[in-house]
Amino acid sequence: MTDTTPEAHPLEQLPGDLMMWVLIVSELLVFGAGLAAFLSVRITDPAAFASAQDHLHRAAAGINTLVLVTSGFLAALAVRAAEHGRIARTRMWLSAASLLGVVFLVIKTFEFIEKAQQGIGIETSTFFTFYYLMTGFHAAHVVAGIVILGLVGIRCTPRTVEVGAAFWHMVDLVWVLLFPVIYLLR
């Protein structure tokens, strides 16, 4: 006799889709490896990293943190609305979360432009190599997340909204880890 209770199959209790969770975990591992490499190299020359960090715009990064955390909250509201069959409200929350993703990208673009105007590029220093690679890779994930939320908004079901929100929360989580390590750690 086979036990088919939910407790017997914990993977079936994951919100969304198993393949999305495979993607999320693999992306978290990639970002984790990048952060580990950053911290490992930082140990070899903390003064140079601290000096390079002084060229970052911490206030803009702090605002971006609030923007993404708020967008994650809005994505969670979309999941709740989808569970209650409120399609218009679901789309409204998804649109608002996506719009905040665009705000994040605009602020990040201004930050990149400011670095370029200062003559700071990916080859300026090891710190900035990591900075551009990690924040640029994250920005690419924000773009992907906006596309996913848009597609989910078109085909609004509780399951698809849950899958899209799970990816969006991964994007939020990565930024919440990148922000203190890159911008604040001295």
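Me: The axes of helix 3 and helix 6 (residues 158-184) come within 9 Å and cross at roughly 160°. Why is helix 3 called roughly antiparallel to helix 6?

Reply: Set the angle against the cut-offs: under 35 degrees is roughly parallel, over 145 roughly antiparallel, 65 to 115 roughly perpendicular, and the rest oblique. The axes here are lines fitted to C-alpha atoms over the stretch in contact, with angles running from 0 to 180 degrees between N-to-C directions. Helix 3 and helix 6 cross at roughly 160°, so helix 3 ends up roughly antiparallel to helix 6. Their crossing is also left-handed, meaning that the near helix is turned anticlockwise from the far one by less than a right angle (clockwise would be right-handed).

Me: What am I looking at, an experimental or a predicted model?

Reply: This is a predicted model, where local features need pLDDT of at least 70 and side-chain atom pairs count only at pLDDT 80 or more, while totals for chains, interfaces and linings use all residues. Residues are numbered from 1 along each chain as its sequence is written, and side-chain values use heavy atoms, with hydrogens and water left out.

Me: And what makes helix 3 (residues 58-83) and helix 4 roughly antiparallel or roughly parallel?

Reply: Their axes come within 8 Å and cross at roughly 165°. That angle makes helix 3 roughly antiparallel to helix 4. This crossing, of helix 3 and helix 4, is left-handed.

Me: How many helices and strands does the chain have?

Reply: There are 6 helices and 0 strands, counted as DSSP runs (H or I of at least four residues for helices, E of at least two for strands) and numbered from the N terminus. Read along the sequence, that gives α-α-α-α-α-α. The C-alpha trace spans about 60 × 40 × 20 Å along its principal axes.

Me: Why is G153 called buried?

Reply: Buried means under 20% relative accessible area, exposed means over 50%, and partly exposed is in between (1.4 Å probe, protein chains only). G153 has 11%, so it is buried. You'll find G153 in helix 5 (residues 126-154). The C-alpha atoms of G153 and G164 are separated by 9.2 Å, with their positions 11 residues apart along the chain. Over the chain's 186 residues, 40% count as buried.

Me: How do you know whether A60 is buried or exposed?

Reply: A60 has 13% relative accessibility, so A60 counts as buried. A60 sits in helix 3, with its C-alpha 9.4 Å from that of F104, although A60 and F104 are 44 residues apart in sequence.

Me: What about V176, buried or exposed?

Reply: Neither, as it happens: V176 has a relative accessible area of 37%, so V176 is partly exposed. V176 lies in helix 6, and its C-alpha is 9.8 Å from that of N64, 112 residues away along the chain.

Me: Why is R58 with D54 called a salt bridge?

Reply: The rule asks for a side-chain nitrogen of Lys or Arg within 4 Å of a carboxyl oxygen of Asp or Glu. R58 and D54 have their closest N and O atoms 3.9 Å apart, so the pair fits that rule. By this rule the count comes to 4 salt bridges. R58 is partly exposed at 28%, and D54 is partly exposed at 48%.

Me: What links D54 to R186?

Reply: Another salt bridge, with the closest N and O atoms 2.7 Å apart. R186 lies in the segment after helix 6 and D54 in the loop between helix 2 (46-53) and helix 3, so the pair ties together parts that are 132 residues apart in sequence. D54, R58 and R186 are linked in a network of salt bridges.

Me: How do you know whether K115, which pairs with E114, is buried or exposed?

Reply: K115 has a relative accessible area of 0%, so K115 is buried. E114, at 27%, is partly exposed. The closest N and O atoms of this salt bridge are 3.1 Å apart.

Me: What makes L99, V102, V103, V106, F110 and I113 a patch?

Reply: Patch residues have over 30% relative accessible area and no salt bridge; nonpolar side chains (Val, Leu, Ile, Met, Phe, Trp, Tyr) are joined within 5 Å, like charges within 9 Å. Take V102 in helix 4 (residues 87-117): V102 is partly exposed at 38%, so V102 clears the 30% bar. Together the six named residues form a nonpolar surface patch with about 520 Å² of accessible area, by the Shrake-Rupley method with a 1.4 Å probe, where only the protein chains shown count as cover.
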